Amino acid sequence: MKEKRLLFVLFATLWLTLLCFGGCGSDKPSAAQTAAESLPFSVPSIFTPDEDGTARNQMLTFQSQNHTTLIVSCKDSTASFLSHIRKTKMTKEALVAAYKAGGLDVTVSNLHIKDLDDQYSLTYTVHLTTQNGSTITRKYIRITGKELLDISCGGNVTNKDLIDLEYTEVLQAVQQNS
């Protein structure tokens, strides 16, 4: 009986020690959370990091409660790349050809280009239809002499209005930090 009591006290002490020093969960931020903190804007709180999506896409991925997917890529750029992009004729047809070269048969609409002194930006919409349904993705790409920011916000076309609202919120966050 004394051995059982001693064993119980030992396990109870070990459990309390682990609880006190280990806590209930990890306070270590995830890789996606850490990467999100280094972005040039704050991702709106409606989006939460999607670790599986980030691993699968190999780009920082977030999900909203409305099932909108936000994918963000932010990379270093150079003044020479910005100059090169300005010399490239960007059209809907050129974008469709680029997607097709990547294996996606899409249509592109609403292409808008802004060419300012310090940056070049594109906004457009990508429509993709597959055997699983149709998706819509709102794109924002900004190229400066220092960084290339690529944002995709989309999901099932049936959620188009919610996607548009959430995309607008992301663009507002980007504009606030520009």
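Is K160 buried, partly exposed or exposed? With a relative accessible area of 33%, K160 is partly exposed, and we will meet this lysine again in the last but one of the views below. Please keep in mind throughout that this is a predicted model.

**View 1. Seven strands line up in an open sheet.** The strands follow the order β1-β2-β3-β7-β6-β5-β4, and their pairing is antiparallel. At the edges stand β1 and β4 (106–115), each with a single partner strand, so one side of each has no neighbour in the sheet. From one strand to the next, the twist averages 20°. As you trace any strand, a general point may help: in a regular strand the side chains alternate between the two faces of the sheet.

**View 2. Strand β2 sits between β1 and β3.** The order of the sheet places β2 after β1 and before β3. On one side, three bridges join β2 to strand β1 (residues 47–49), and the two run antiparallel. On the other, β2 pairs with strand β3 (residues 69–76) over four bridges, again in the antiparallel sense. A handy residue to centre on is Q63: T48 stands opposite Q63, while in β3 the bridge partner of Q63 is T69. A little further along, T61 stands opposite I71 of β3. Why can β2 be called largely enclosed by the rest of the structure? Four of the five residues of this strand (residues 60–64) are buried, that is, under 20% relative accessible area, so the rest of the structure largely encloses β2.

**View 3. A hairpin turn links β2 to β3.** Four residues lie between the two strands of this hairpin. Look for H67 in the turn, where phi is positive at about 70°.

**View 4. Two helices meet the sheet.** Helix α4 (residues 79–87) lies across β4, β5 (119–130), β6 (133–144) and β7 (147–156). The helix runs at about 65° to β5. Helix α5 (residues 92–101) packs on the sheet too, where it touches β4, β5 and β6. The direction of α5 makes about 125° with that of β4.

**View 5. A salt bridge connects helix α4 with strand β4.** Six salt bridges are counted in the model, and this view shows the one between D115 and R86, whose closest N and O atoms are 2.6 Å apart. D115 belongs to strand β4 and R86 to helix α4, so the pair ties together parts that are 29 residues apart in sequence. Both partners are partly exposed: the relative accessible area is 45% for D115 and 31% for R86.

**View 6. A buried salt bridge spans β6 and β7.** Here K139 pairs with D150, with 2.6 Å between the closest N and O atoms. K139 lies in strand β6 and D150 in strand β7, so this contact ties together parts that are eleven residues apart in sequence. Are these two residues buried or exposed? Both K139 and D150 are buried.

**View 7. Two cysteines, and a search for disulfides.** How many disulfides does the whole structure hold? The search finds zero. C74 is partly exposed, at a relative accessible area of 31%. C153, in contrast, is buried, with a value of 0%.

**View 8. Salt bridges gather around helix α6.** Now back to the lysine from the opening: the side chains of K160 and D164 meet in a salt bridge, 3.2 Å from N to O. Being four residues apart in helix α6 (residues 160–176), K160 and D164 are separated by about one helical turn. The network does not end with this pair, as salt bridges with shared partners join R138, K160 and D164.

**View 9. Two separate nonpolar cores.** Which residues of the largest nonpolar core touch the most other members? They are F41, L70, V72, Y140, L149 and I151, out of 16 residues in that core. Elements giving two or more residues to this core are β2, β3, β7 and α6. Helix α6 supplies the largest share, five residues. A second, separate core has 14 residues, among them L82, Y120, L122 and V126.

Technical notes
Residues are numbered from 1 along each chain as its sequence is written. This is a predicted model: local features need pLDDT of at least 70, side-chain atom pairs count only at pLDDT 80 or more; totals for chains, interfaces and linings use all residues. Side-chain values use heavy atoms; hydrogens and water are left out. Buried means under 20% relative accessible area, exposed over 50%, partly exposed in between (1.4 Å probe, protein chains only). Two strands pair if DSSP finds at least two bridges between them. Axes are lines fitted to C-alpha atoms, for helices over the stretch in contact, and angles run from 0 to 180 degrees between N-to-C directions. Contact means heavy atoms within 4.5 Å. A disulfide is a pair of cysteine sulfur atoms within 2.5 Å. A salt bridge is a side-chain nitrogen of Lys or Arg within 4 Å of a carboxyl oxygen of Asp or Glu. A nonpolar core is a set of buried Ala, Val, Leu, Ile, Met, Phe, Trp, Tyr and Cys residues joined through side-chain atoms within 4.5 Å.
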